[in-house]
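This briefing covers a sheet, two ligand surroundings and one helix. Please consult the sequence and the structure shown below while reading.

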Amino acid sequence: MDIPFVHFIETHNDLYLFDVNTNMISKVNERIGKYLSGHGKKEDLNNEDLMVIENMKSMGMLCPDQIERIEHPMSDFIEDILENSMNRLTIQVTQNCNFRCEYCVYSGSYYNRVHNNKRMGWDTAKAALDFLEQHSRNSSEINVSFYGGEPLLEMDLIKRCVDYCRMIFKRKKVSFNLTTNASLLSDEVIKYFEKEKFSVMVSLDGPQEVHDKNRTFADGKRGTFNTVIERIERIREIAPDLLANVTFNAVLDDENDFSLINQYFSQEPIIKDIFVSANYVNETNRKDKIVQTNQKNYIEISNQRFIGLMYLMNRVSRDKVSKLVVRELSDIKETISKRKVSKNVMQPINHPAGPCLPGVQRPFVNAYGKLFPCERVNETCKDMCIGNIYDGFDIEAVKRFLNVGQVTEENCKRCWAFNFCTQCGVTSDNGEKIASEARLEKCERVRNHVDNLLKDYIVLKECGCDFTQSI
Ligand code: SF4
Ligand code: SF4
């Protein structure tokens, strides 16, 4: 028998087999596990074992690895989609900022990127919006986001862009987003954002001792927490409709106390009702390696995950679930429990999961008018740029980014985590180009993550979870 393309998952008591070609999961006994992994003999199997194996085969399981070539299924369609179906653009109105956050990609903690005073001029902003208009003929809704540096340093430009959007997209539904440190939210700006129905994402890491550790003003001497909170209070007082469209972005630093942060976001008046998106410090291209060794945090995060799993089991109420672990619950529910299961999941020409459609899902234009797949990319890496607003998309660069798995083709073709991989061009950047080593050094962590998601899913299923709870 050819070696089947499977991965074994051990839970506390049982052994499960994840079949990569079909995405199916089956409980198997130890004898079957040994045999299918090439460590046991067929003679050791009894009749019942043989029937189980035949049954799995009849469902399309246990086939060998069938991937012949790494190529993204959207490669032949992406050019057409980009031509007429864009529906969003994030605009970097400035690279300057009045904060100096330690883990900001422009802080000097990362290779190649440092703060500078580059501002986007009106000509570039107008050309970016014209570019979006020319490439969105099939879209009825348009979203424009403003990003920095700190975008509020360029409020006049933002207002001019909004007016221009209202004019050129007058037959479409237009919405606006902004990511800000909040310090420059004057009363007038707050009222303006409420009138224009902006969604505003504010960077806030937790209580003062946590937030001020990494987020200081540009003079490096003063923490920014009090200013941010004072502005949030002000939004509540004068623009309650805007408050409903405010979310927080928290960067989690393992040196901080997770339980303090969790308590703050779940109990602090005003804050507790606002959605939080939590991310760990960005490690790609960082000069120093981040090692998570905080045992107290590990235990607390595990506790909060456990409560989250209990929620999925309908054993605790939603308000007991930490906002900081919601994304992981969503991964179990949306990625694993809703995975496509069929004989045809794996095609001979295929690409690992991970990359978005560059230019479609989160296109980003920087202050110079260069186009990138999203705002998380390293703008100084040549393989990240996918064109510019004057000459249009560089389709070869778009396809290279979409097909990033080709740089690790032989590894990806044999990888059991293929369908749930989370790597894209951003994680494959070595500071200068897309490079196999940059990608491969993250594979073990990706596979551990997927293994844990599958384990959590299986255990929840064993306990009767039907994944109907909303997250
Ligand atoms: S991080 Fe990667 S997959 Fe996500 S939007 Fe950016 S380029 Fe796309
Ligand atoms: S984990 Fe690594 S080898 Fe596996 S699919 Fe992702 S990039 Fe490829």
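How many residues surround ligand 2, and which are the closest? In this predicted model, 14 residues surround ligand 2, and the closest are P352, C412, C415, C421 and C443. The points below begin with the two ligands, continue with helix α16 and end with the sheet.

**Surroundings of ligand 2**

- Two elements, α14 (409–413) and α16 (443–462), each give two or more residues to the shell around ligand 2.
- The largest contribution to this shell is that of α16, which supplies three residues.
- By class, the shell around ligand 2 comprises eight nonpolar, four polar and two charged residues.

**Surroundings of ligand 1**

- Ligand 1 is surrounded by P355, C356, Q361, R362, P373, C374, R376, C424, G425 and V426.
- Six residues of the shell around ligand 1 are nonpolar, two are polar and two are charged.

**Helix α16**

- Helix α16 contains 20 residues, and the distance from its first C-alpha to its last is 28 Å, close to the 28 Å expected at 1.5 Å a residue.
- The buried residues of α16 are V450, L454, D456, Y457 and L460.
- These buried residues lie on the same side of α16, because they cover an arc of only 160 degrees around the axis.
- E444 and N448, on the other side of α16, are exposed.
- The cover over the buried residues of α16 includes two strands, β1 (6–10) and β2 (15–19), and two helices, α11 (295–312) and α12 (326–337).
- Just after α16, G464 adopts a positive phi of about 95 degrees.

**The eight-stranded sheet**

- An open sheet is formed by eight strands in the order β10-β9-β8-β7-β6-β5-β12-β13, with mixed pairing.
- Its edge strands are β10 (276–280) and β13 (371–372), each of which pairs on one side only.
- Strands of a sheet pair through backbone hydrogen bonds, in either a parallel or an antiparallel manner.
- Strand β5 (residues 88–92) and strand β12 (residues 364–365) run parallel and are joined by two bridges.
- Within this pair of strands, T90 stands opposite F364 in β12.

**Points to retain**

- Helix α16 gives three residues to the shell around ligand 2, and its buried residues, including V450 and L460, are covered in part by α11 and α12.
- In the order of the open sheet, β12 stands between β5 and β13, and β13 is an edge strand.

Technical notes
Residues are numbered from 1 along each chain as its sequence is written. Chains are lettered from A and ligands numbered from 1 in the order in which they are written. This is a predicted model: local features need pLDDT of at least 70, side-chain atom pairs count only at pLDDT 80 or more; totals for chains, interfaces and linings use all residues. Two strands pair if DSSP finds at least two bridges between them. Helices (H or I, at least four residues) and strands (E, at least two) are DSSP runs, numbered from the N terminus. A residue is near a molecule or strand if its C-beta atom, placed from the backbone, lies within 6 Å of it. Ala, Val, Leu, Ile, Met, Phe, Trp, Tyr, Cys and Pro count as nonpolar, Asp, Glu, Lys and Arg as charged, and the others, Gly among them, as polar. The expected span of a helix is 1.5 Å times one less than its number of residues. A residue is buried if 20 or more other C-beta atoms lie within 10 Å of its own, exposed if 12 or fewer, and partly exposed in between; C-beta atoms are placed from the backbone. The arc is that of the directions from the helix axis to the C-beta atoms. Two residues are in contact if their C-beta atoms, placed from the backbone, lie within 7 Å.
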